[in-house]
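Welcome! Open your viewer, settle in, and let us walk through this model one selection at a time.

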Amino acid sequence: MMLAYMDHAAAAAAEPETMELSMVADAAECAAARDFGGLVSARPAAVVRPASADDVASAIQAAALTAHLTVAARGNGHSVAGQAMAEGGLVLDMRAVSRRTQMQLVLLSSGGGAAFADVPGGALWEEVLHWAVSSHGLAPASWTDYLRLTVGGTLSNGGVSGQSFRYGPQVSNVAELEVVTGDGQCRVCSPSNHPDLFFAVLGGLGQFGVITRARIPLSPSPHTVKWTRVVYASFADYAADAEWLVTRPSESAFDYVEGFVFCRNDDPVNGWPSVPIPGGAHFEPSLLPAGSGPVLYCLEVALYQHHHQHPDDVEERLGEMMRPLKYVRGLEFAAEVGYVEFLSRVNRVEEEARRNGSWAAPHPWLNLFISARDIAAFDRAVINGMLADGIDGPMLVYPMLKSKWDPNTSVALPEGEIFYLVALLRFCRPSGTGGPSVRELVEQNAAIVDACRRNGYDFKTYFPSYRAQSDWAAHFGSKWGRFVDRKARYDPLAILAPGQKIFPRTPSSAARAIV
């Protein structure tokens, strides 16, 4: 038996609304023609603001009646290479659905009282967090670092953070989806109901359907978080400790493990001022061992504390877990913060970036998954070579486990069990303040990917952006045939997600790819 609860006040306030459509005459005036990356622009013919899944289906069905019209789902506009754009097509503003659809708490009595959140695909994870914690004392287990992304957006890519090694990525933390496929049909799918569609959509880059609703498992939310950062001068020590931590049994594991690279200088963005928590704590560089190189590493861990746990017990456990680590003694920084505050920590970065103008500047980001087999070589060739002076933004490097990912999803991963996220999150300096040009940074990203290929690294790009179908075939590797078959099954006219540049729109009844 299933019981669904919706906040009474919200339910009373909800009124039936209809789909809105706005024609686009000027790309400069249209948010849907741009994205957070700021690297490309594509003017759609119109922006559709659907009120429901049925409206999404109607828009796709209308596009199917034309020869060349395409449809792209846009969440909060945080793609970085035009992935959510539709040149001359229809852009679905999925935030409109979330504003007109309430989140629901679902309790399954047949599952031992298991709790779930039914949330619109256009809802922000930040909204899910506040609703679940404040209204129900519950929370999802897996998050992204930045919470102002939509549920449908991260589920279409992967959804990773420091919790992924333990709880799995977000694509491993969803029980059911409502999806509108490229043939304009609205379907509910799960691991037991239309499983091929369910797994195709997860990590499917929007190619097979538009996620209009997701059912996310919930558990009691922690009360506070013990948050710690420690510094390493040796990448070998850093990687050994990080990999040891993510392979610990659950009873002796942290809830969160991440890490980042910083420069051995006092630059406020690239250097050691970016390390201390809370802000203002002192970093003493004299504690670094003699002979430390220009690049240093920060391991970041967190342990959740629930209401039923005694603070002293959690503190004792934290000490036991930190004791074996080989970090530089004296360069430890710790804070105890609320759970919501911890998950919202990137908001402060956004606020500062908005103040200094870098939030509105281009963001030529590059995200890679690199096998642990090759991460040391990558560190020598790229991090300590091409990027030794920093990137004017966070440079994340931390491990996760392939066994936490379901191989049936569409996500392409390296072969090794342990692989690292390497996220180069560049914040370009505002115009006129110096620094490399956007073109130079994009070229450097391409050079990094070329180096990975040339050196034979076991790697994949995360949030991939390719223009040639041969590159997409190489990206998916042995999964490419399955990806092509799923496209023909669920979006035979190749209407959806044209900004990914994988399949051309076709007026025929099938869109089979030929490599």
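What percentage of the 515 residues in the chain do buried residues make up? Color the chain by accessibility to look for yourself: buried residues account for 55% of the 515. Keep in mind along the way that you are viewing a predicted model.

**The whole chain.** Switch to a cartoon view, where the chain shows 15 helices and 19 strands. Now reduce it to the C-alpha trace and turn it: along the principal axes, the trace spans about 70 × 55 × 45 Å. The chain has a radius of gyration of 23 Å, which agrees with the value near 24 Å that a compact globule of 515 residues would have.

**Contacts.** Next, pick residues that touch and check their positions in the sequence. Of the contacts between residues at least 6 apart in sequence, 74% join residues at least 24 apart.

**Surface and charges.** Turn on the surface: its accessible area comes to about 20800 Å², with 53% belonging to carbon and sulfur atoms. Then select the charged residues. There are 43 positive and 54 negative charges, and their mean positions lie 5 Å apart.

**The cysteines.** A disulfide is a covalent bond between the sulfur atoms of two cysteines. How many disulfides does a search of the whole structure find? The search finds zero. Select C189 to see one case: its closest cysteine sulfur, in C186, is 9.6 Å away, too far for a bond, because a disulfide needs the two sulfur atoms within 2.5 Å. C189 is also buried, at 0% relative accessibility. For a last stop, select C30, a buried residue with a relative accessible area of 9%.

Conventions
Residues are numbered from 1 along each chain as its sequence is written. This is a predicted model: local features need pLDDT of at least 70, side-chain atom pairs count only at pLDDT 80 or more; totals for chains, interfaces and linings use all residues. Side-chain values use heavy atoms; hydrogens and water are left out. Helices (H or I, at least four residues) and strands (E, at least two) are DSSP runs, numbered from the N terminus. The radius of gyration is taken over C-alpha atoms; the globule rule is 2.2 Å times the number of residues to the power 0.38. Buried means under 20% relative accessible area, exposed over 50%, partly exposed in between (1.4 Å probe, protein chains only). Contact means heavy atoms within 4.5 Å. Accessible areas come from the Shrake-Rupley method with a 1.4 Å probe; for residues, only the protein chains shown count as cover. Lys and Arg count as positive and Asp and Glu as negative; His and the chain ends are not counted. The place of a charge is taken as NZ of Lys, CZ of Arg, CG of Asp or CD of Glu.
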